[in-house]
Amino acid sequence: KQYRNYNTNDIINMYICITQGFLTVFSGLPGIGKTSVCNIIGNSLGLTDFGNDEINYNRFVPVSVEKGWSSKKDLIGYYNPLTQKYDKSNRRLYDSLMILNEEKDNSPFPYLVLLDEANLSPMEYYWADFMQIADKCDNSEAYINIGLENDIYIPDTLRFVATINNDQTTETLSPRLLDRAWIIKLPDSDIKEDIPRPVEKILWEDLYNTFGKVPEGKIRNQSLLEQIFKIFQNFGMAVSPRIKINMYHYIATARELMEGNDSEIIAIDYTVMQKLLPKINGHMKLYKEFFDSFINICISSHLDMTKKALEEMKNNSSRNMGYC
């Protein structure tokens, strides 16, 4: 709040998504502060002040995505059989993977990689090797092959954040990627101060216990969720078991942390916005009945953010040749 005037629930939402999901995508208009918010999060966790007198390195690694990337060779590099050396496309990302491989299960602090302007190239191409790990945020073992003789171990402490723009210069996110990512549309915010310097290093265990651990207890509004799932499925937007599980885990955690008269409804509002609304992609004529029905559900259930987002999509479709 010292650097952006987001409300408390917006901030809690960001940390839950990053902790519970392997990939969190920040979307919004150019200049709204997507990249700087990722830097603020990295600093707030103390990830930019690691090392000693001889070696300095960060556990927050920004990577600028370029147009034309098509494989992990562009993102990380490849083994050159002629020189018998690994040609690194991004030295800092390569070094980060080596550090994590050495740490293995003794990785005490979070490791955050930023893919800036991630959809300048199709993410499911250059990030494909990490896609499988998106399903393994439960402390199970995960490996990635980057062209070396041995696979690289990926501990649970590694997380990716990405920034995207939605215009004619960028690629759309594939349904396969949307199924595995949290999509956060940043609210408008005034910049209050420059990006902070790190104050305290946050242990992964503390971060996980606060924002990742799923408390026990049934969801009171299960029937509302089933109603929402059904309306998406009726209009050809399948809700996978993976998405449902992710939403249930988010709601169970968020309702214990978020402020408001009905924290579970607020949690459902956030998770519908970030897991289901990104599925909407097509001409408004196909979605008219969907929007009318869903907005009525939002009104009766007090899903205020989702209702506002749906109304904005309807209004904006007239400026996008009827597409939403």
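The paragraphs below lead from the central sheet of this predicted model to its enclosed spaces and its cysteines.

A good place to begin is the open sheet, which is built from 5 strands in the order β4-β7-β10-β1-β11, with parallel pairing. Its edges are formed by β4, covering residues 60–64, and β11, covering residues 181–185, and each of these two pairs on one side only. From one strand to the next, the sheet twists by an average of 20°.

Within this sheet, strand β7, made of residues 111–116, is joined by 5 bridges to strand β10, made of residues 158–164, and the two run parallel. One position where this pairing can be followed is Y111, which stands opposite L158 in β10. Strand β7 also pairs with β4, again in the parallel sense and over 5 bridges, and here the residue F60 has L112 of β7 as its bridge partner.

How many of the residues of β7 are buried? The strand is mostly covered, with 6 of its 6 residues buried. In a regular strand the side chains alternate between the two faces of the sheet. In β7, Y111, V113 and L115 point one way, while L112, L114 and D116 point the other way, and all of them are buried.

The neighbouring strand in the pairing just described, β10, contains A162. This alanine has a relative accessibility of 0%, and therefore counts as buried. As a guide to distances in the model, A162 and R242 are 80 residues apart in sequence, and their C-alpha atoms lie 20 Å apart in space.

From the sheet, the reader can turn to the enclosed space. The count comes to 1 cavity of 30 Å³ or more, and the largest cavity has a volume of about 40 Å³. Which residues line the largest cavity? The lining consists of I18, L45, P110, Y111, L112, T157, R159, W204 and L207, so that Y111 and L112, already met in β7, appear here again. The elements that contribute two or more residues to this lining are β7 and α8, the latter spanning residues 204–212. By class, the lining of the largest cavity divides into 7 nonpolar residues, 1 polar residue and 1 charged residue.

One of the residues in that lining, W204, is found in helix α8. This tryptophan counts as buried because its relative accessible area is 10%, and the cut-off for burial is under 20%. Along the chain W204 is 76 residues from I280, and the C-alpha atoms of the two are separated by 34 Å.

The structure also has an open space to consider, for the largest pocket holds about 2000 Å³. Its lining is made up of 47 residues, of which S27, N166, K185, P278 and M313 lie nearest the centre of the pocket. Several elements supply at least two lining residues each, namely α1 (8–20), α7 (175–178), β11, α11 (263–275) and α13 (304–317), and thus the edge strand β11 also takes part in this lining. The largest share, 6 residues, comes from α13. When the lining of the largest pocket is sorted by class, 24 residues are nonpolar, 14 are polar and 9 are charged.

The cysteines complete the picture. A search of the whole structure finds 0 disulfides. Why does C38 form no such bond? The closest cysteine sulfur to that of C38 belongs to C17 and is 12 Å away, which is too far for a bond, because a disulfide needs two cysteine sulfur atoms within 2.5 Å. C38 is itself buried, with a relative accessible area of 1%. C298 is likewise in no disulfide, and the nearest cysteine sulfur, that of C324, is 15 Å away. With 0% relative accessibility, C298 counts as buried.

How values were computed:
Residues are numbered from 1 along each chain as its sequence is written. This is a predicted model: local features need pLDDT of at least 70, side-chain atom pairs count only at pLDDT 80 or more; totals for chains, interfaces and linings use all residues. Side-chain values use heavy atoms; hydrogens and water are left out. Two strands pair if DSSP finds at least two bridges between them. Helices (H or I, at least four residues) and strands (E, at least two) are DSSP runs, numbered from the N terminus. Axes are lines fitted to C-alpha atoms, for helices over the stretch in contact, and angles run from 0 to 180 degrees between N-to-C directions. Buried means under 20% relative accessible area, exposed over 50%, partly exposed in between (1.4 Å probe, protein chains only). On a 1 Å grid over the protein atoms alone, a cavity is a set of points where a 1.4 Å probe fits but cannot get out, and a pocket is an open set with protein on both sides within 12 Å along at least five of seven lines; lining residues have an atom within 4 Å of a point. Grid points are joined across faces, edges and corners, and a volume is the space filled by probe spheres set on the points. Ala, Val, Leu, Ile, Met, Phe, Trp, Tyr, Cys and Pro count as nonpolar, Asp, Glu, Lys and Arg as charged, and the others, Gly among them, as polar.
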